[in-house]
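Reader: I have a structure open and I'd like to talk it through. Can we go piece by piece?

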Amino acid sequence: MAQEILKVEGMTCGHCAETVTKAVQGLAGIQSVNVDLDKKEVAVEFDETATPLEKVSSAITGVGFEVVS
């Protein structure tokens, strides 16, 4: 399992956090997703053989947010 923390711009409310969480949880191999609105971070634990980090980032940008790191 891999663990990554992504900086995500554009999240401002609970609905934003829920949207990002649902987008990432829908991917194969995702163990956990934790959105921190104050820090603008998304912590993800995932099986990188099932879902590479680039796919996680794409899922977040696909629902309208910007991954900055």
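Reader: How do strand β1 and strand β3 pair, and over how many bridges?

Author: This is a predicted model, so treat it as one. Strand β1 covers residues 2-9 and strand β3 covers residues 41-46. They pair in the antiparallel sense, over six bridges.

Reader: Which residue in β3 is the bridge partner of Ile-5?

Author: Ala-43.

Reader: And β2, how does that pair with β3?

Author: In the antiparallel sense, over six bridges. Strand β2 is residues 30-36. Asn-34 has Ala-43 in β3 as its bridge partner. Ala-43 is also the partner of Ile-5. Val-33 stands opposite Val-44 in β3.

Reader: What do strands of a sheet pair through?

Author: Backbone hydrogen bonds, and the pairing is either parallel or antiparallel.

Reader: What order do the strands take in the sheet?

Author: The order is β2-β3-β1-β4. It is an open sheet of four strands, with antiparallel pairing. The edge strands are β2 and β4, and β4 is residues 66-67. Each edge strand pairs on one side only.

Reader: Which strands does α2 touch?

Author: Helix α2 packs on the sheet and touches β1, β2, β3 and β4. Its direction makes about 30 degrees with that of β1.

Reader: Where does α1 lie?

Author: Helix α1, residues 14-25, lies across β2 and β3. It runs at about 165 degrees to β2.

Reader: Back to α2 for a second. Is Ser-57 buried or exposed?

Author: Buried. Ser-57 sits in α2, which spans residues 53-62. Its relative accessibility is 17%, and the cut-off for buried is under 20%. So Ser-57 counts as buried.

Reader: What does Ser-57 touch?

Author: Leu-6 and Val-67, leaving out residues up to four places away in sequence. Leu-6 falls within β1, residues 2-9. Val-67 falls within β4, residues 66-67.

Reader: New topic. How many disulfides are there?

Author: Zero.

Reader: Why is there no bond between Cys-13 and Cys-16?

Author: Their sulfurs are too far apart for a bond. The sulfur of Cys-13 is 3.5 Å from the one in Cys-16, its closest cysteine sulfur. A disulfide needs the two sulfur atoms within 2.5 Å. From the side of Cys-16, the closest cysteine sulfur is the one in Cys-13.

Reader: Which of the two cysteines is buried?

Author: Cys-16, with a relative accessible area of 9%. Cys-13 has 32%, so Cys-13 is partly exposed.

Reader: Let's do loops. Where does Leu-27 lie?

Author: In the loop between α1 and β2. Leu-27 is buried, with a relative accessible area of 17%.

Reader: What is Leu-27 in contact with?

Author: Thr-51, Lys-55, Val-56 and Ala-59, leaving aside neighbours within four places in sequence. Of these, Lys-55, Val-56 and Ala-59 fall within α2, residues 53-62.

Reader: How far apart are Leu-27 and Ala-50?

Author: In sequence, 23 residues. In space, 8.8 Å from C-alpha to C-alpha.

Reader: And the other loop, between β2 and β3. What is special about phi of Lys-40?

Author: Phi of Lys-40 is near 55 degrees, a positive value in a residue other than glycine. Lys-40 is in the loop between β2 and β3. These strands form a hairpin with four residues between them.

Reader: Is Lys-40 buried or partly exposed?

Author: Partly exposed, with a relative accessible area of 33%.

Reader: Now zoom out. How many helices and strands are there?

Author: Two helices and four strands. Read along the sequence, the pattern is β-α-β-β-α-β.

Reader: How compact is the protein?

Author: As compact as a globular protein of that length. The radius of gyration is 11 Å, close to the 11 Å that the globule rule gives for 69 residues. The C-alpha trace spans about 30 × 20 × 20 Å along its principal axes.

Reader: What share of the residues count as buried?

Author: 35% of the 69 residues. The protein exposes about 4000 Å². Carbon and sulfur atoms supply 46% of that area.

Reader: Last one. What share of the contacts comes from residues 24 or more positions apart?

Author: 62% of the contacts with a separation of 6 or more.

How values were computed. Residues numbered from 1 in each chain as written. Predicted model: local features only at pLDDT ≥ 70, side-chain atom pairs only at ≥ 80, totals over all residues. Heavy atoms only, no water. Buried < 20%, exposed > 50% of the residue type's maximum accessible area, 1.4 Å probe, protein only. Contact = heavy atoms within 4.5 Å. Pairing = 2+ DSSP bridges. Axes fitted to C-alpha atoms, helices over the stretch in contact; angles between N-to-C directions. Rg over C-alpha atoms; globule rule 2.2 N^0.38 Å. Areas by Shrake-Rupley, 256 points an atom, 1.4 Å probe, with all protein chains shown as cover.
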